[in-house]
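Morning, everyone. Please bring up the model, and I'll walk you through it.

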Amino acid sequence: MPKILAMGAHPDDMELEAGGTLAKFIKKGYDVYLLILTSGGYTDMNGNTYFDEQLRNEAINASKILGIKEVIFYDYHTTELPSGGEIVSKVDALVDEIKPDVFISHHPFDSHQDHKAAADIMFAVSRQGRVKTVLSGSTLPYRPNVFAFRPQFYVDITDTIDTKMDAIRAYETQYNKFGGEVLIERVRSMARTYGWAMSYEFAECFEVIRMDDSLWI
Ligand SMILES: [Zn+2]
């Protein structure tokens with residue numbers, strides 16, 4: 001069975017970018033691992049502070065909803081994620097251990113510095129065919145560089161969108177911060193718009209960095 005490694009810079013990133021796809025892989029019986037690079041705690045523009053422990057618990061709850069096999073936390077400091085050196089060796093070692101067939105992370109032109117760093121780490125680790133299929137997830141619409149995102153791989157998530165939304169709701173702090181069901185409705189609208197391209201009711205989409213035929217043939 002194929003193995004999938006999803007790597008988010010922060011807790012909740014991969015649920016937003018790829019939650020429906022991960023849930024779909026899990027329904028097919030694939031093993032999905034989630035690596036979260038930073039501990040996620042931060043203070044927002046309104047002065048609200050979100051604590052590492054809180055976000056970690058929310059990540060664990062969301063992972064249970066999706067059916068993630070294992071969540072791994074690296075606990076780098078939010079906004080200070082390095083893209084080279086020790087962290088590449090650590091993710092390298094994890095890839096050696098898991099041997100994923102598919103690696104999903106952020107887009108290299110995302111406007112968040114930690115997301116960019118995560119994309120660089122994925123590219124560095126996936127050198128020379130060490131991971132055969134490498135995908136960058138969709139940046140969120142409010143990120144300025146969204147026009148750099150050119151998706152080629154669409155996943156029909158009509159059967160798993162409710163699971164994705166439940167996983168997003170499990171991040172109670174972020175759900176409340178972004179307006180509760182208003183957030184859910186926005187993410188759902190994005191999935192509906194992406195689905196329009198393919199005549200799916202709902203889709204997630206990815207920019208293909210590299211892809212082999214093993215998942216299809
Ligand atoms: Zn993030």
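One term before we start. Helices and strands here are DSSP runs, and they are numbered from the N terminus. A strand needs at least two residues, a helix at least four. Please keep in mind that this is a predicted model.

Let's begin with the sheet. It has seven strands and it is open. The order is β5-β2-β1-β6-β7-β9-β8, and the pairing is mixed. Which strands sit at the edges? They are β5 and β8, and β8 covers residues 153-156. Each of these two pairs on one side only. On average, neighbouring strands are turned by 25 degrees against each other, ignoring direction.

Now two of the pairings. Take β8 and β9 first. Strand β9 is residues 203-210. The two run antiparallel, joined by four bridges. Within that pair, look for Val-155, which stands opposite Glu-204 in β9. Next, β1 and β2. These pair in the parallel sense, over six bridges. Here Gly-8 stands opposite Ile-36 in β2. And is β2 covered or open? Mostly covered: seven of its eight residues are buried.

Next, the helices on the sheet. Helix α2 is residues 52-66. It packs on the sheet, where it touches β2, residues 31-38, and β5. The direction of α2 makes about 160 degrees with that of β5.

Helix α4 is residues 113-125. It lies across β1, β2, β6, β7 and β9. Against β6, residues 102-105, it runs at about 160 degrees. Let's check its length. There are 13 residues in α4, and at 1.5 Å a residue they should span 18 Å. The end C-alpha atoms are 19 Å apart, so that agrees.

Which residues of α4 are buried? Asp-114, His-115, Ala-117, Ala-118, Ala-119, Ile-121, Met-122 and Val-125. What do they pack against? The buried residues of α4 pack against β1, β2, α3, β6 and β7.

Now helix against helix. Two packed helices are described by the angle between their axes and the distance between the axes. Start with α2 and α5; the latter is residues 161-169. Their axes come within 8 Å and cross at roughly 165 degrees. Angles over 145 degrees count as roughly antiparallel, so α2 and α5 are roughly antiparallel to each other. Their crossing is right-handed. Who makes the contact? From α2, it is Ala-62, Ile-65 and Leu-66. From α5, it is Thr-163, Asp-166 and Ala-167.

Helix α5 has another partner, α7, residues 181-196. Those two pack at about 145 degrees, and their axes are 11 Å apart. This crossing is right-handed too: α5 and α7. On the α5 side, the contact uses Ile-161, Met-165, Ile-168 and Arg-169. On the α7 side, it uses Ile-184, Val-187, Arg-188 and Ala-191.

On to some single residues. Most residues other than glycine have a negative phi. Asp-75 has a positive one, near 60 degrees. You'll find Asp-75 in strand β5, residues 70-76. Is Asp-75 buried, exposed or in between? It has 13 other C-beta atoms within 10 Å, so it is partly exposed. The cut-off for exposed is 12 or fewer.

Thr-79 also has a positive phi, near 75 degrees. Thr-79 sits in the loop between β5 and α3, the helix of residues 86-98. With 12 C-beta neighbours inside 10 Å, Thr-79 counts as exposed.

Then Gly-41, in the loop between β2 and β3. It has 18 C-beta neighbours inside 10 Å and so counts as partly exposed. What does Gly-41 touch, beyond its neighbours within four places in sequence? Tyr-50, Phe-51, Asp-52, Leu-55 and Thr-78. Pro-11 is 30 residues from Gly-41 in sequence. In space, their C-alpha atoms are 9.2 Å apart.

Last one: Lys-90, in helix α3. Lys-90 has 17 C-beta neighbours inside 10 Å, so it counts as partly exposed. Remember Glu-204, opposite Val-155? Lys-90 and Glu-204 are 114 residues apart along the chain, and their C-alpha atoms are separated by 29 Å.

That's the tour. Thank you.

Key
Residues numbered from 1 in each chain as written. Predicted model: local features only at pLDDT ≥ 70, side-chain atom pairs only at ≥ 80, totals over all residues. Buried ≥ 20, exposed ≤ 12 C-beta atoms within 10 Å, placed from the backbone. Pairing = 2+ DSSP bridges. Axes fitted to C-alpha atoms, helices over the stretch in contact; angles between N-to-C directions. Contact = placed C-beta atoms within 7 Å. Expected span 1.5 Å × (residues − 1). Parallel < 35°, antiparallel > 145°, perpendicular 65-115°, else oblique. Left-handed = near helix turned anticlockwise from the far one by under 90°.
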